[in-house]
Amino acid sequence: MNSRWNRRGFLGTAVATATSLFAPRRLFANASSAAASSVVTGFGQTGNPYEELGVTTVINCQGTMTMLGGSILRPELEAVMAMAGRHFVSIPELEVAAGKRIAEMLKLPDGYTALVTSGAAAAIESGLAGILTGDNEAFIRQIPDLTGMKSEVIIQKSHRNPFDHQLRSTGIKLIEIETRDELRQAVNDRTAMMHFSNFANASGQIKVDEWVQLAKQYNIPCMNDAAADTPPVSHLWDYTNMGYDLVTFSGGKAMRGPQCAGLLIGRKELVANALLNNCPHEDTIGRSQKVGKEEILGMVKALEVYLREDHDALAREWQSRLEGISRELTRVPGVSTEFFTPDVANHVPHMRIMWDSRIALEPKEASKLLRSSKPSIAIGGGEGKPGLSMCSFMLQTGEDKIVAQQLSRILRQHAA
């Protein structure tokens with residue numbers, strides 16, 4: 001094997017990386033000071049580069065939606081990412097060191113590590129690619145032509161979703177099953193992996209804990225796509241403790257890491273093979289899914305901050321914001337609200353807003369009016385139920401009052 005594909009080299013560089021990456025503290029401190037004192041001229045000098053491009057910023061009541069840009073970076077991340085941008089480093093070595101640090105922070109089981117990817121979708125694709133190719137350089141260059149490799153992934157029919165495109169892009173065929181007996185019959189010598197979509201846990205006959213047990217019984221690698229499934233924070237280690245070989249998370253959602261970052265957590269050999277199929281290595285299926293040194297360090301810092309937060313206090317704050325909005329809206333005759341928390345994905349306090357025939361306005365129209373208002377407000381449908389639904393955990397200071405005022409005004413304007 002060529003040395004650039006050598007898995008042993010990949011796994012053995014953490015010590016060297018730690019020395020080379022973190023030694024020049026004085027240089028990093030100077031870089032940070034320079035960033036803080038810099039003055040922006042030209043594009044960005046107004047403080048709102050979006051407006052300079054003619055793009056409207058929005059108040060986000062929908063949550064950590066990629067379509068809206070995910071989440072807002074913490075100041076600590078901005079500082080660390082600025083430091084990262086002022087130095088060169090071996091990206092594979094950095095990935096190993098970052099993965100080791102993440103594994104320590106999450107107290108992962110022995111033999112597990114992590115890889116920072118360009119998002120959860122990239123983690124899905126590179127994780128499966130690593131299972132298919134191993135460290136075989138010819139296979140890595142050949143994929144999605146799976147000649148000589150296993151070629152099937154088993155998935156529950158109810159777990160099919162747009163993100164299984166990342167599975168199919170490797171060239172595999174998805175084998176849909178619904179029952180345990182169908183799963184048993186589907187397993188054969190072409191089976192590469194069993195895939196689980198965590199947000200669909202309630203809809204499938206085989207639940208998250210049993211799925212991995214069956215995978216072990218059949219000796220098949222098993223992946224859990226848990227992209228948006230923090231909070232609760234324990235999900236970051238729950239699934240590896242169950243025995244999943246690979247687990248994916250989005251970094252730019254509740255963890256408030258870089259939007260172009262995600263985590264592939266799993267067994268060291270599989271994670272190493274995933275990197276061999278990913279950027280910065282050339283002639284790989286994941287070469288286009290570049291994650292930079294800035295995002296890698298930013299993800300480590302985001303995870304550090306996220307783990308030390310008081311998550312119960314945050315949930316109370318988010319609930320309090322919703323209750324304040326509810327008090328304002330329910331002053332409008334015919335308007336009612338109710339609170340709920342989704343079981344998985346954006347597992348934070350939500351509020352449903354409903355109104356009766358005294359208000360001549362369809363929820364979709366109300367959403368459009370809010371989006372076209374100034375400031376623009378993005379709010380979701382009623383989760384398959386009447387009215388609108390919203391969460392508050394991506395609202396910034398004072399925005400809850402703006403939302404209450406704007407929606408109250410619109411509802412009153414359409415009252416009989």
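## Briefing: an open sheet, two pockets and some unusual backbone

Four strands come together in an open sheet, ordered S9-S10-S13-S12, with antiparallel pairing. The edges of this sheet are strand S9 (335–340) and strand S12 (380–381), each of which pairs on one side only. Please keep in mind that this is a predicted model. The protein chain has an average pLDDT of 89, and 90% of the residues score at least 70.

**Confidence**

- Residues 1–36 are the stretch to treat with care, as pLDDT stays under 50 there.
- The model still has 48 contacts beyond four places in sequence for residues 1–36.
- Where pLDDT is low, it is best not to read the predicted coordinates in detail.

**Inside the sheet**

- S9 and strand S10 (residues 350–355) are joined by six bridges and run in the antiparallel sense.
- Across this pairing, Phe340 stands opposite His350 in S10.
- S10 and S12 turn up again below, since each is among the elements that give two or more residues to the lining of the largest pocket.

**The largest pocket**

- The largest pocket holds about 1100 Å³ of space.
- Its lining counts 39 residues, and those closest to the centre are Met65, Ala228, Lys253, Ala345 and Asn346.
- Helix H7 (120–133), S10, S12 and strand S13 (388–391) are the elements that each contribute two or more residues to this lining.
- Three of these elements, S10, S13 and S12, also belong to the open sheet described at the start.
- Sorted by class, the lining of the largest pocket comprises 19 nonpolar, 14 polar and six charged residues.

**The second largest pocket**

- The second largest pocket offers about 780 Å³ of space.
- It has 22 lining residues, and Tyr50, Leu68, Gly69, Ser71 and Ile72 lie nearest its centre.
- Strand S1 (residues 58–60) gives the most to this lining, with three residues.
- The class split for the second largest pocket is nine nonpolar, 10 polar and three charged residues.

**Salt bridges**

- The structure contains 18 salt bridges.
- One of them joins Glu309 to Arg74, with the closest N and O atoms 2.7 Å apart.
- This pair ties together distant parts of the chain, as the two residues are 235 residues apart.
- Glu309 sits in the loop between helix H14 (293–308) and helix H15 (311–329), while Arg74 sits in the loop between S1 and helix H5 (75–84).
- As background, side chains of opposite charge can pair when their charged atoms come close.

**Backbone features worth a look**

- Most residues other than glycine have a negative phi, and most peptide bonds are trans.
- A cis peptide bond links Thr230 and Pro231, with omega about 0°.
- The next bond along, from Pro231 to Pro232, is cis as well, with omega near 0°.
- Pro231 belongs to the loop between strand S6 (222–225) and helix H12 (235–242), and Pro232 is in the loop between S6 and H12 too.
- Asn219 is not a glycine, yet has a positive phi of about 60°.
- Asn219 is found in the loop between helix H11 (208–218) and S6.

Technical notes: Residues are numbered from 1 along each chain as its sequence is written. This is a predicted model: local features need pLDDT of at least 70, side-chain atom pairs count only at pLDDT 80 or more; totals for chains, interfaces and linings use all residues. Side-chain values use heavy atoms; hydrogens and water are left out. pLDDT is the predictor's confidence in each residue, from 0 to 100. Contact means heavy atoms within 4.5 Å. Two strands pair if DSSP finds at least two bridges between them. On a 1 Å grid over the protein atoms alone, a cavity is a set of points where a 1.4 Å probe fits but cannot get out, and a pocket is an open set with protein on both sides within 12 Å along at least five of seven lines; lining residues have an atom within 4 Å of a point. Grid points are joined across faces, edges and corners, and a volume is the space filled by probe spheres set on the points. Ala, Val, Leu, Ile, Met, Phe, Trp, Tyr, Cys and Pro count as nonpolar, Asp, Glu, Lys and Arg as charged, and the others, Gly among them, as polar. A salt bridge is a side-chain nitrogen of Lys or Arg within 4 Å of a carboxyl oxygen of Asp or Glu.
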